[in-house]
Amino acid sequence: ELPASSLTKTYKLIAAAEDGSATNTYSIKFSVSSESGATLTGITIGGQPLTQFNSTTLEYNYELPTGTTSLPEIVCTTSNGTQPQIITGGVNGDTRIILGAMTYVLHFTVVASSNAQLAGIQVGGIDIVDFVADNYSYTFGLPYETTKVPVVSALPSESGQTVNVIQASTVTGVATIYVVSADHKVNNQYTIDMNDDIRYNY
């Protein structure tokens with residue numbers, strides 16, 4: 001019996017008499033074995049059974065909830081209690097479960113968020129104090145002496161969001177912020193009006 005890493009093969013050994021008058025042929029079959037004799041009978045992820053598990057299916061796709069930053073606990077059950085080797089690959093990667101000659105692969109991915117709302121907006125480094133994520137239009141007053149267009153900056157609420165700020169062209173112009181969710185399915189637009197009639201927001 002060979003180690004589990006060997007291939008299943010049959011070899012023939014031919015023995016001949018020294019004078020060539022007779023020969024005998026012997027067949028030797030090497031078979032792959034699980035070193036532990038165990039088979040995988042189940043996998044749980046974060047306490048929940050992998051419902052589609054089948055001992056003959058070697059690869060699985062598994063989606064983790066939005067915002068997951070660490071892998072949940074992975075527990076395996078086997079036919080004789082022997083624990084396999086588990087090599088983790090992160091929340092957006094492959095985890096391998098090795099038991100004897102068998103390697104099972106879990107392909108993990110984190111579900112991208114559909115949130116396209118900001119966490120905050122600043123004008124010239126000053127927070128818009130009445131900011132509310134689902135309010136998409138603001139007016140911001142500036143000091144009378146202002147001659148330079150203030151820079152508008154946006155604070156994403158989640159990683160993976162795409163944020164594009166179009167600055168106002170004049171001190172009394174309008175800045176526009178475009179936000180696209182991480183899953184690219186939702187987009188929002190915020191506007192900030194530097195209204196000349198509402199002086200001094202500080």
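Accessible areas in this report come from the Shrake-Rupley method with a 1.4 Å probe. On that basis, the protein exposes about 12,400 Å², and carbon and sulfur atoms supply 50% of this area. The structure under discussion is a predicted model.

**Overall picture**

The protein has 16 strands and zero helices. Of its 202 residues, 27% count as buried. Among the contacts in the protein with a separation of 6 or more, 52% are made by residues 24 or more positions apart.

**Confidence of the prediction**

The average pLDDT of the protein is 85, and 80% of the residues score at least 70. Over residues 1–8, however, the pLDDT is below 50; beyond near neighbours in sequence, this stretch has 18 contacts in the model. The pLDDT also stays under 50 over residues 31–35, for which the model has 14 contacts beyond four places in sequence. Where pLDDT is low, the predicted coordinates should not be read in detail.

**A sheet of four strands**

One open sheet consists of four strands in the order E5-E9-E8-E7, and its pairing is mixed. Strand E5 and strand E7 (85–87) stand at the edges with a single partner strand each, so one side of each is left without a neighbour in the sheet. On average, and with direction ignored, neighbouring strands of this sheet are turned by 20° against each other. Within the sheet, strand E8 (residues 94–99) pairs with E9 in the antiparallel sense over six bridges. Thr 95 stands opposite Leu 106 in E9.

**A sheet of three strands**

Another open sheet has three strands in the order E11-E10-E13, with antiparallel pairing. Its edges are formed by E11 and strand E13 (152–156); each has a single partner strand, so one side of each is left without a neighbour in the sheet. Strand E10 (residues 118–123) and E11 run antiparallel and are joined by two bridges. Val 123 stands opposite Ile 126 in E11.

**Aromatic pairs**

Rings of Phe, Tyr and Trp count as a pair if their centres lie within 6.5 Å. By this rule the count comes to six aromatic pairs. The table presents two of them, both tilted.

| Aromatic pair | Centre to centre | Angle between the planes |
|---|---|---|
| Phe 53 and Tyr 104 | 6.0 Å | 45° |
| Tyr 136 and Tyr 190 | 4.9 Å | 55° |

The pair of Phe 53 and Tyr 104 links distant parts of the chain, 51 residues apart. Phe 53 lies in the loop between strand E4 (48–49) and strand E5 (59–64), whereas Tyr 104 belongs to strand E9 (residues 102–110). Both Phe 53 and Tyr 104 are buried.

In the other pair, Tyr 136 lies in the loop between strand E11 (126–127) and strand E12 (137–139) and Tyr 190 in strand E16 (residues 187–193), so the pair ties together parts that are 54 residues apart in sequence. A residue is called buried under 20% relative accessible area and exposed over 50%, with partly exposed in between. Tyr 136 has a relative accessible area of 28% and is therefore partly exposed. Tyr 190 has a relative accessibility of 0% and therefore counts as buried. Tyr 136 and Tyr 190 also belong to one aromatic cluster, together with Phe 131 and Tyr 138.

Definitions and conventions:
Residues numbered from 1 in each chain as written. Predicted model: local features only at pLDDT ≥ 70, side-chain atom pairs only at ≥ 80, totals over all residues. Heavy atoms only, no water. Phe/Tyr/Trp six-rings, centres within 6.5 Å; stacked < 30°, edge-to-face > 60°. Buried < 20%, exposed > 50% of the residue type's maximum accessible area, 1.4 Å probe, protein only. Pairing = 2+ DSSP bridges. Axes fitted to C-alpha atoms, helices over the stretch in contact; angles between N-to-C directions. pLDDT = per-residue confidence, 0-100. Contact = heavy atoms within 4.5 Å.
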